[in-house]
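Biologist: I am new to this structure and would like to understand how its descriptive labels are earned. Could we look at it together and set each value against its definition?

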Amino acid sequence: GPQPQQPVRHSASQEERLLALTMAAPRLLAAIAAFLVGGRCAEEAACRDTETCPTAVPPRMRDSALLQTGRDVQSAVERLRKRVTSDCGERLQMREQRNAACIVARGGRALLVWVPYGSAPGWDLPGGGKHDGEVACETAEREVCEETGMQVRAVRQLSYDVFQCEVVAENVCRSPVDEGFLSKHWASRGELKSLRYRGNTWGDKEGLLARALAGQALSQTSQVHTSAPAVLMARQSAQGVTSDCQRRLQHFSERNSACIVVRDSRVLLVWVPYGSSPGWDLPGGNKHSGEAACETAERETCEESGIKVLAVKKLSFNVFQCEVLAFGACRNPVDEGFLAKKWASRDELDSLQYRGGTWGDKRGILKQALGSASPSPGPPSSTWQPDWADACGCKMCQGEGFSSSSQQCRAGAATGADEACACLRRGGGAVDACGCRACDGEGWSSTQ
């Protein structure tokens, strides 16, 4: 494969330093709180909610948290964001905030960057950690510019945290931040299997890239205006399978989506044998043109399992709660054909092999659908807790921590020292939310 060059490192501009300082404000607040509670950084300790987060916070402390950044800092943040990000939040109806990346394809090749740090260095999609107040597609756009210098525009969501992006202009970002500009490579489809990929980021990268370069995932953006006959054909193909969910749920956006189908305290799963990470998955798949997301979930469930369902509630960005209407409704298999299916009990959920890179925190959503066996973790709703983020961006005071298995923040998890270190290295940081150097084995200790 291509040999990466060393990343370019320069001093960040004053405006970009101001942005970095602003984004570190939640960590700074947590560190101040830890100092006031008492204690210090120590080896074999960890910066967690029990060490840092208040059990009760007076109103004046809440107010002071909101006053940490002045108007001049906020205006600098907005200027930088507007310079390299688009109106994707409005165009794509994106409200969620999460770490995100872009697939940028041009001339039959896809843009990759070499990430030399961490436990599994390799070629990766350009992308990275979210900033406060930034929706996922904006994160993807900004990170591409910071890592490659290219300004891009997100045009479609391809998976939970990956967007299809197109180049707007080159050499827009000139002052590197965090890890600096990374070595980049425009990879052809024939190279994808031979490349060394960075571990544990963005799901099935090779599969997403292959589909992008084959034209299957990037053939149509959310901004293409489809002709009336094409929309009509899509609706006729789903006739008898989909319901009036678009009108009932007032859900008009188009995206890939899936169903959670519960029956007799068991949930429907399908086995997906293809791709780099096969396993049990929610029934669901790719949207058709002119089809609302809830209709996609209904149609794909029938095509994969034969079961006709009714979408009754939106559970997450791309997952719907669906009810069984009829068995054996779809008899003619399409695409990959009918998949092996299983009705799983709640006790089985932790032991199953799940397909990677689809539908977010499947295990968590499935457990919620089947009912929680224990009270939800975290502080009582009557007790205010601040929004302080740990090194991985998880809201530790609200019961969140980073999960290495799902590569995202999850309620009830706790960010360990190794996970905090990995997140700091991805984001180019040195200290965690308590001001301790997690990569040197330090964590906060209230007793020392």
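Biologist: Why is C330 called buried?

Modeller: The relative accessible area of C330 is 14%, and buried means under 20%, exposed over 50% and partly exposed in between, with a 1.4 Å probe and protein chains only, so C330 counts as buried. Please keep in mind that this is a predicted model, in which local features need pLDDT of at least 70 and side-chain atom pairs count only at pLDDT 80 or more, while totals for chains, interfaces and linings use all residues. Residues are numbered from 1 along each chain as its sequence is written, and side-chain values use heavy atoms, with hydrogens and water left out.

Biologist: What makes C302 and C330 a disulfide?

Modeller: A disulfide is a pair of cysteine sulfur atoms within 2.5 Å, and those of C302 and C330 are 2.1 Å apart. The torsion about their S-S bond is about 115°, so this disulfide is right-handed. It links distant parts of the chain, with C302 in helix α11 and C330 in the loop between β14 (319-326) and β15 (341-344), 28 residues apart. Helices (H or I, at least four residues) and strands (E, at least two) are DSSP runs, numbered from the N terminus. C302 is buried too, at a relative accessible area of 0%.

Biologist: How many disulfides does that rule give?

Modeller: The count comes to seven. Among them is the pair C102 and C165, with sulfur atoms 2.0 Å apart.

Biologist: Why is the disulfide of C102 and C165 called left-handed?

Modeller: The torsion about its S-S bond is about -55°, so the disulfide is left-handed. C102 lies in strand β2 (residues 100-106) and C165 in strand β7 (residues 162-169), so the pair ties together parts that are 63 residues apart in sequence. By the same accessibility rule, C102 at 0% counts as buried, and C165 at 3% counts as buried.

Biologist: How do you know that helix α7 is largely enclosed by the rest of the structure?

Modeller: Of its 13 residues, 13 are buried, so α7 is largely enclosed.

Biologist: How do you know that the span of α7 agrees with what is expected of a helix?

Modeller: The expected span is 1.5 Å times one less than the number of residues, which for the 13 residues of α7 (residues 136-148) gives 18 Å, and the end C-alpha atoms are 18 Å apart, which agrees. After α7 comes G149, whose phi is positive, near 90°.

Biologist: Which cysteine is joined to C137 of that helix?

Modeller: C137 is joined to C88, with an S to S distance of 2.2 Å. C88 lies in helix α6 (residues 88-91) and C137 in helix α7, so the pair ties together parts that are 49 residues apart in sequence. Both cysteines are buried.

Biologist: What makes W271 and W280 an edge-to-face pair?

Modeller: Rings of Phe, Tyr and Trp (its six-membered ring) pair if their centres lie within 6.5 Å, and planes under 30 degrees apart count as stacked, over 60 as edge-to-face and the rest as tilted. The ring centres of W271 and W280 are 5.4 Å apart and their planes stand at 75°, so the pair is edge-to-face. W271, at 26% relative accessibility, counts as partly exposed, whereas W280, at 15%, counts as buried.
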